[in-house]
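Work through the exercises below with the model open. Each task is followed by its solution in steps.

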Amino acid sequence: MPIELLSPAEMGEADRIAISHGPFDGYALMRNAGAAVAAEVLRRFSGEKHINVLCGPGNNGGDGYVVARLLREAGCAVRVIAEGPPREGTDAALAARDCPLEAGPLSAFEPDAGSLVIDALYGAGLTRPLDREAARVAAACRNACARVVAVDLPSGISGDSGRAVGEAFEAMLTVTFFRLKPGHLLEPGRASCGEIVVADIGLPETVLEQIAPRTLVNLPALWLATYPRPTRQQYKYSRGHVAVFSGGPGSTGAARLSALAAARSGAGAVTVYSPGNALAVNAAHLTSIMLRRVDDPDAVRDALAVRSPDAFVLGPGFGLDRPVREWALAVLKASAGGVVVLDADGITSFRDRPEALFEAAKSSPLDLILTPHEGEFARLFPDLAADDGLSKLEKARGAAARSGAVVIFKGPDTVIASADGRAAINFNGTPWLATAGSGDVLAGIVAGLAAQKMPPFDAACAAVWMHAEAARRFGPGLIAEDLPGLMPQVLREILAIDPAL
Ligand SMILES: NC(=O)C1=CN([C@@H]2O[C@H](COP(=O)(O)OP(=O)(O)OC[C@H]3O[C@@H](n4cnc5c(N)ncnc54)[C@H](OP(=O)(O)O)[C@@H]3O)[C@@H](O)[C@H]2O)[C@@H](O)CC1
Ligand SMILES: [K+]
């Protein structure tokens, strides 16, 4: 799957550039799009005799008329249902002219139970909520358990944000063209799309040179080039050293999960910085991971003076009874470089003064990576969180620009954003990850990869993907303790390309 994501506006631009360079004009692209959808329908539903094709007034509807014609030519009984005729002089009007089927009105359409419905009402051009009739049909299709194949996007889903702008269709298959849009990956769009197929309709790859997309699908192709590969010359500290701050005696497990995940992700050395009163419990559970007593922010400076780690994890299980903020600021001031992953309590501790964190991070040689879930995001960026006009992608981008950090905005559709404007939406998320301690493991993987000198944005993207990949492999019954142990097989697959290892 290609890694570039295009917004509906960028897709329109790609369309214009392609048409101006030829060889395909707009109607030829539409015929290719319709043919791609018809082929998927025929491949999956070969025995299907009755197919309903819902056509809107724009080019999405135009694709629908092409699909209807091709399915009819293939011997299916096809019914076209239209929400008004296409505008004169458009490609959609040409497609409607070439379709031999007479369209019935949407107002008379009532789907039979389990019927096959091609949704070509609205795609990239959706500008407002579905009107009364289209909304009624979307709900009727859901109630009738109709099998919906969406053309480009399920109607009602925004290609920019993935939001349902009011009522929306729920598809079992969505066939889109050239590149995915953010709305295919952001929830609830992702769930509404069902299976997604990206069809080649003849747009040349070169159109991307002019558009230079800044939004990407988080797949290995995005970060494989910077993925750490150990060399024979390395020793444990040069492979990367991670320090994880432990909570007090009653909450040490989160730090150990992060530490183990960092080690399993390839960091050569991991140290848990523990308060004196939790040393015994940490020591009882750690073997290859080192332990060092660090009781207060001043002791952080002393520890760094002895050996400064390449990456830190601060927050998991740390507790808010100790001034986490002071610890974070001490790390940002004392370290000579590397990365600090601020998670959980580390994020919450800055809820009253987020600017203090952003200022300290901007003047620190350390790179900051923030890993908020929705609640934590709202504590650091309350205005962005409350702005319903912004998509999750825009919120994450805004947060990265403001904080100067790489922001991993977690959820079923995790978005990773960098202050330089790049953003990636994760592709392989799984509900099995919604389990206690899973975030602690993610923070550890991020730190483990960053300690190995993977650039912070790449490390964040790779960690999110690996974390989900491990969870997918385990599946039902997963608990966070299982995740670090699954890393070796995920790593092996990523590194499989290099036979020297
Ligand atoms: N890019 C590509 O590579 C290719 C793209 N192709 C296809 O083109 C599609 C995009 O076409 P599109 O721009 O014409 O938009 P589309 O989704 O048909 O809707 C626009 C129309 O709907 C109307 N309208 C909007 N919302 C409404 C609502 N809620 N309720 C009622 N009306 C509403 C809107 O009216 P207006 O807002 O202008 O008043 C306008 O008339 C794309 O999804 C793909 O399928 C392929 O053919 C070829 C290659
Ligand atoms: K559609």
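The exercises concern a predicted model and cover a helix pair, two cis peptide bonds and two residues with positive phi.

**Exercise 1.** Determine how helix α2 and helix α3 cross.

Solution. Step one is to locate the helices: α2 spans residues 26-44 and α3 spans residues 59-73. Step two is the geometry: their axes come within 8 Å and cross at roughly 55°. That angle makes α2 oblique to α3, because it falls outside the ranges for roughly parallel (under 35 degrees) and roughly perpendicular (65 to 115). The crossing of α2 and α3 is right-handed.

**Exercise 2.** List residues that form the contact of α2 with α3, and sort the contact by residue type.

Solution. On the α2 side, the residues include M30, V37, V41 and L42. On the α3 side, they include D63, V66, R69 and L70. Sorting the contact residues gives 11 nonpolar, 3 polar and 3 charged.

**Exercise 3.** Find where the cis peptide bonds to P23 and P188 lie.

Solution. The bond from G22 to P23 has omega near 5°, and P23 sits in the loop between α1 and α2. For the bond joining E187 and P188, omega is about 5°; P188 belongs to the loop between α6 and α7.

**Exercise 4.** Are F178 and A344 buried or exposed?

Solution. F178, in the loop between β7 and α6, has a positive phi of about 70°. Its relative accessible area is 5%, so F178 is buried, the cut-off being under 20%. A344, in the loop between β14 and α14, has phi near 45°. At 15% relative accessibility, A344 also counts as buried.

Technical notes. Residues are numbered from 1 along each chain as its sequence is written. Chains are lettered from A and ligands numbered from 1 in the order in which they are written. This is a predicted model: local features need pLDDT of at least 70, side-chain atom pairs count only at pLDDT 80 or more; totals for chains, interfaces and linings use all residues. Side-chain values use heavy atoms; hydrogens and water are left out. Axes are lines fitted to C-alpha atoms, for helices over the stretch in contact, and angles run from 0 to 180 degrees between N-to-C directions. Helices (H or I, at least four residues) and strands (E, at least two) are DSSP runs, numbered from the N terminus. Angles under 35 degrees count as roughly parallel, over 145 as roughly antiparallel, 65 to 115 as roughly perpendicular and the rest as oblique. A crossing is left-handed if the near helix is turned anticlockwise from the far one by less than a right angle, and right-handed if clockwise. Contact means heavy atoms within 4.5 Å. Ala, Val, Leu, Ile, Met, Phe, Trp, Tyr, Cys and Pro count as nonpolar, Asp, Glu, Lys and Arg as charged, and the others, Gly among them, as polar. Buried means under 20% relative accessible area, exposed over 50%, partly exposed in between (1.4 Å probe, protein chains only).
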